[in-house]
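Biologist: Got a minute to go through this one with me? Put it up and I'll start asking.
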2 protein chains.
Amino acid sequence: MAGERAATLSDVAREAGVSLATASRALNGSDRVVRPELQERVLAAADKLGYTPNANAQAMARGSTETVGLLVKDISDPYFSTIAGGLADEAEKHGLLVMLCNTGGQPEREQKFLAALRRQRSRAIVLSGSDTAGVRHTSEVADLLTSYLEGGGRAAAISQPRLPVDTVVIDNHGGAKALAERLAGLGYRRAAVLTGPADLLVSAERHAGFAEGWLEATGSTPTYVSDEFSRDGGRRAMTRLLENGRNNGSEVDCVFAVNDLMALGALAACRQAGIEVGPELAVAGFDDIATLRDVTPGLTTVRLPLADIGRLALELVLGEPSAELRKRSVHGEVVLRESTPPRS
Amino acid sequence: MAGERAATLSDVAREAGVSLATASRALNGSDRVVRPELQERVLAAADKLGYTPNANAQAMARGSTETVGLLVKDISDPYFSTIAGGLADEAEKHGLLVMLCNTGGQPEREQKFLAALRRQRSRAIVLSGSDTAGVRHTSEVADLLTSYLEGGGRAAAISQPRLPVDTVVIDNHGGAKALAERLAGLGYRRAAVLTGPADLLVSAERHAGFAEGWLEATGSTPTYVSDEFSRDGGRRAMTRLLENGRNNGSEVDCVFAVNDLMALGALAACRQAGIEVGPELAVAGFDDIATLRDVTPGLTTVRLPLADIGRLALELVLGEPSAELRKRSVHGEVVLRESTPPRS
DNA sequence: GCCGTATGGGAAAGCGCTTTCCGATACGGT
DNA sequence: ACCGTATCGGAAAGCGCTTTCCCATACGGC
């Protein structure tokens, strides 16, 4: 078992009858050339001994690693896992390993992970989600990030434009605005928005975009209810919305939940309240989570190329470093489905 | 920027006016004690210089890392991302980082990742999904794994009982069997199974379990159609099933898709064919993917505690190594919803 | 007051690699 | 035949830590 410790490069060199330097060169092919015969001897020796290079030692000697860090709020959320999938695919192409950091939206965890990635001398870090909760937290993250960058690290963010790094900017505002226009075009007149917490940037942008489009198209401002940025938050928000409507007679004909998960909760609340989504009340979401594309009624939403966003983020973070911050914009596309039929 | 290279431990030691050894001890607290005064000086110096330990150097010197690898078939699949979420949470508690390896179900990739994790001297590896495609592939993976274990690594698998490591065994057979019994109890009589590829163990187990339960309860054997283990596979399989039914008059009243994603595809196929799931045809899945819990009609399925499975796998792999292989069983629970109403 | 024994600091030996630098050999040109 | 120049192998110097081993000091017991 643990009897014979793992073979090292010196073992290989000795076995092949060459020096350490030659063995190293033969195995990695440096700029220096090794005579084919020796090379073969080294390869054979490595194979014979079952040699595995020690990546940590290599990282030390070379001063760089093959690892990129990915911070997400919650990997089990399809939004993040789809992004992670795209990023992981791209990473694989570059021969990089992905360190997955599930922050759970907790600032301390986020900071801990950032520190850990720095210790690991990760080649790059991609931050996604847990967007800029409080200003103070953001600035702490920004500090950590800055010192990481000064140490030669690279970083990029997804949809967190307040961080001082290259960013994949998701056009939340434009997507939500387009959705508002389409819904208004379908004949809806009284809208409500189910938003996440006020300090969540994504949520705020989508809310604002929708409100703007709605105002331009209908001349009115949608009401809104805010709750958690999750399925349960959506359900609670919807429930409250329905209660309010009954109490003061201000019923809406159309509800926009700022993400698909909240929309899902809204759907559940409607069902519970005996409201048929579609004919009786329109509901729309945002993201176009793959798993939800086939449900009944089909959920109208704004499709985001999530996997591409992950890929793009990695490209960005791996690309030539440049002095000024780069932004890469990604736009959503409105997808109308049965949850928002043309209003008769 | 890159002007001043990162502070090292020697820098800290010099700044604090102590030796390297003392600095190291002060920062990590070894079994050796450091006088409080010196300790403070070291801490202050570290802080002043913005010192970050180099995890690679530590790993080398200590001979062990803080990293665990997680192999999944496709992180964007909710099944895996939920497991990953549970595992990541547990890892965070232990101060471990998770290396995410998305194999895409490709054996070569799987092997590449395994090799990479070995190079990294990962503390442990958890394998999930891409279950044992061909025998040859399995044995190659097993070899890689064995040599990893011999090097002092630890590994565990999720639902891949053929690998020579501790495994979290999911009772696919029992869950599917229970489901079959419940469906039969609801009055269904002619069942079909939508399976994945024949060599996919999970799929085969669920198929067999269902068939066994169905046979015991109704005296008949379900027909089956197999296709990809995915949403699209489910759609295609369902389409074929419907066509066959029409051609030879052997229509079924109940369809079991071996996972929720396939069931989702089946739902889509039914909608396209104008069949109302529930009243006209019952459909059930397996896994109880969170995102699908709120769709209409509610999908009958077998609930698996996926996040717990991830946690459990990590616990297993981190626990005391033992000579014999440990198995930890996890059972599913049938959840009846509207997609399988009692048959009138 | 002396010796044996903690106690805690420091020097130095690695950990397993990469890479610079040096030296030996072979080769081409004149 | 001689010199300048490639070409390629090897010795050795790190990379940034941890940890062993040694040593100086302080302390308690008789």
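Biologist: How can chain B be laid on chain A?
Modeller: By a turn of 180° and a shift of 0.0 Å along the axis, with an RMSD of 0.1 Å, superposing by least squares on the C-alpha atoms of residues with pLDDT of at least 70 in both. That is the relation of a two-fold axis. Keep in mind that this is a predicted model, where local features need pLDDT of at least 70, side-chain atom pairs count only at pLDDT 80 or more, and totals for chains, interfaces and linings use all residues. Residues are numbered from 1 along each chain as written, chains are lettered from A and ligands numbered from 1 in the order written, and side-chain values use heavy atoms, leaving out hydrogens and water.
Biologist: OK, DNA now. How many residues surround DNA strand C?
Modeller: 28 of them, counting a residue if one of its heavy atoms lies within 4 Å of the strand. The closest are Leu9(A), Ser24(A), Asn28(A), Tyr51(A) and Arg32(B). Sugar and phosphate account for 55% of the strand C atoms that come within 4 Å of the protein.
Biologist: What does the side chain of Ser24(A) get to?
Modeller: An N or O atom there is 2.5 Å from a phosphate oxygen of DNA strand C, which fits a polar contact (a pair of N or O atoms within 3.5 Å).
Biologist: And which part of DNA strand C does Arg25(A) reach?
Modeller: A base oxygen, 3.4 Å from a polar side-chain atom of Arg25(A).
Biologist: Which element gives the largest share of the surface near DNA strand C?
Modeller: H2(A), with 5 residues; helices here are DSSP runs of H or I, at least four residues, numbered from the N terminus.

Methods:
A polar contact is a pair of N or O atoms within 3.5 Å; within protein, one must be able to donate a hydrogen and the other to accept it, and residues adjacent in sequence count only if both atoms are side-chain atoms. Helices (H or I, at least four residues) and strands (E, at least two) are DSSP runs, numbered from the N terminus.
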